[in-house]
Amino acid sequence: MNLLHHLNPPQKEAVLHGEGPLLILAGAGSGKTRVIVHRIAHLIKELGIPPWQILAVTFTNKAAGEMRERVEKLVGPGEAPLIATFHSACVRILRREIQRLGYDPNFAIYDDKDSEKLLKEVVAELHLDEKRFPAKMFSSAIDECKNAGLLPGDLPTSDYMQEKIAQVYTAYQARLQKCNAVDFGDLILLTVRLFDEHPEVLRHYQDRFRWILVDEYQDTNPVQYRLVKLLAGSLRNLCVVGDDDQSIYRWRGADIRNILDFEQDFPGVKVVKLEQNYRSTRTILTAAGSVVARNRGRKPKTLWTDNPLGEKIVYRRLTDERDEARFVSREIERHVRKGGDLRDVAVFYRTNAQSRVLEDALVADGIPYRMVGAVRFYERLEIKDILAYLKVLDNPADEISLKRIINTPARGIGHATVDKVGELAAARGITLYEALREASSGGLLGAGPRGKLAAFGALMENFRILAGAVSLAELASRLIQETGYADRLKGERTPEADDRLANLQELLSALEEFDRSSGEKGLSAFLEQVALVSDLERSDAGVEAATFMTLHSAKGLEFPLVFIVGMEERLFPHVRALDDPHQMEEERRLCYVGMTRAKERLFLTNARRRRIFGQEQFNSPSRFFDDIPREFLDLEEERQGAGSSQWGTFGRFSQGSHDTDRHNLAAIFETEIEPDFPEVEVVPDEAEDAVYLGMKVRHGKFGVGTIRKVEGEGDNQKVIVWFNTVGPKKLLVRFAGLERV
């Protein structure tokens, strides 16, 4: 049978299993997708199962598309089984049957923004205070209810908050139905409700889908579990594939008990373990297995591989997050100089806020990178909002920034009011900011809008006075608090809001760092640096690049070279897990997932001190290091002895003292820190004082740097120079005193 070629014995066993429940425990890199695809092909080609009787469910449209293509290659063109996401499969059912629940078949599907807008209307109709009961808080709570399979009538109302959630949930569902609309959570919940309330419909689909396969079963939530169990019915021809060691989405509602208890839920189940790993070296695989083996809530399994032993896992403990970022950047540069491909490199972190320092380091060293599952730090919504406030304080004529913040957070200044102020500005030939101040006291607007504009104007004027008296970090901190921006996020009580608050704290850390280290002080200098970073980042679009992502986003991917940064107590494992055994086990699984993404080389780093949430912390190394056998770790730092410098990890300075003057070290590094520029093919002007892209220069104050941009000519010629000590600087050439290196 060609279908069995290149399959190992457990894979063949899973493919050839006939009727009855089947649990495939597929370890990381064990070829689970191949098994699913070959099992579907076996059912069709060898057992003669009609394709329309097969339903295969996975979690992403991309995974479903790839699976369909691979099945078609094995069975040839013709009728294909239904291979879809949970949501897509449910949409098909609801389009045919939803009228039984009082909806029309042409129902709309609301996305998150549509749902939030409707929820805001519901909150207003119920006369609830938006500040105390923000729509996003209810959105998160309702989503949790739907993931758990709970309808409004199922909710407890034993306390005031539960009562309000039940009230809003009930009204929200009524409004959705009035609009003939459903949200994403409804797609599965309403299908389950349909099956519960109409047994004849359930029997029809049980007869239709007599063979069911579910991928990534460890990520299913209670309502998805209920759907699968209903469809499997008495036939129980259910094959689920997953790995309890890779269950990392508890915060999304995933319930690891679905896979751990599968044998109890489906007695007589056949269990097949895929334990041969085809991805990682033996060193990486054994080390990762040692971490996850400490968990109690898991199925016993031991992954193994025929791959080479490979290099030891590099462990480095750096002085702070900036040193950690520089270490990562230099190791990536070393990889490239040895002929490696940037696309082979991935950098993982526990929280999105950690990316800022890493981004700064790679930008400073001219290393292109791309973000997966996240927006670049300075492009994130909350960061752009606060930067817009700072831009208006620095330059009140900045109309774009002013329009962004005038009603952010909401303060009752609508578009109509702003348009009238804009008309006044155009008629008088003044800036929008000046017109705003005039309109707040004149007769152009009614008393209500005038008062709101006056309050906003007074707020901004107070901040402009404050800007000249306090540090940038304190200015931004007070701005975040006194505008109500922080309170709005805290009121949402959602994981997304928590992440945004963490990003704002990271912005404050960036401002503190700028206050301490920058040669030039002041708000204008900081905003210039941010603008230059963003500009240079955009110029890297479409080129070979390293990959940045959170550990949660890394699942299902693989890279030859992987860095996991920030491996410290309170960060990874996360502080929220320290007092929760279940969350701690998930953190350990997350570490396992991150480590097993690496094919050839793995770097694990942490810092002795780090600014987290605006405070400097001195956290001990992650407890996960205690689980890794020492013989698998490259502990170069230990070989140097106590008190050795973190710079020892770079080789040349392995004997350097921790007390070595940092300025002198920076000066040494500047001669080599910048990467080569093979893509820049310019012929330098023969004139001795000419400047060009890629040119190494020395500045009397900032040290050695590299010219990244040249603007203008003659006396007005300006250059953007990247200095390792202070980052980007825009200099007028005739006054800069640059020396060619």
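I will talk about three helix packing arrangements in this predicted model. Residues are numbered from 1 along each chain as its sequence is written, and side-chain values use heavy atoms, with hydrogens and water left out. Because the model is predicted, local features need pLDDT of at least 70 and side-chain atom pairs count only at pLDDT 80 or more, while totals for chains, interfaces and linings use all residues.

Let me start with helices H2, residues 32-45, and H3, residues 61-75, whose axes come within 9 Å and cross at roughly 45 degrees; helices here are DSSP runs of H or I, at least four residues, numbered from the N terminus, and axes are lines fitted to C-alpha atoms over the stretch in contact, with angles from 0 to 180 degrees between N-to-C directions. H2 and H3 are therefore oblique to each other, oblique being what remains outside under 35, over 145 and 65 to 115 degrees, the last range counting as roughly perpendicular. Contact means heavy atoms within 4.5 Å, and on the H2 side the residues that meet H3 include Ile36, Val37 and Ile40.

Turning to H8, residues 184-197, and H9, residues 199-208, the axes come within 5 Å and cross at roughly 110 degrees, so these two helices are roughly perpendicular to each other. Leu194, Phe195, Asp196 and Glu197 of H8 make the contact with Pro199, Val201, Leu202 and Tyr205 of H9.

Finally, in H19, residues 432-439, Leu432, Tyr433, Ala435, Leu436 and Ala439 are buried, meaning under 20% relative accessible area with a 1.4 Å probe and protein chains only. They cover an arc of only 160 degrees around the axis, which puts them on the same side of H19, the arc being that of the directions from the helix axis to the C-beta atoms. These buried residues pack against H16, H17, H18 and H20.

Technical notes
Buried < 20%, exposed > 50% of the residue type's maximum accessible area, 1.4 Å probe, protein only.
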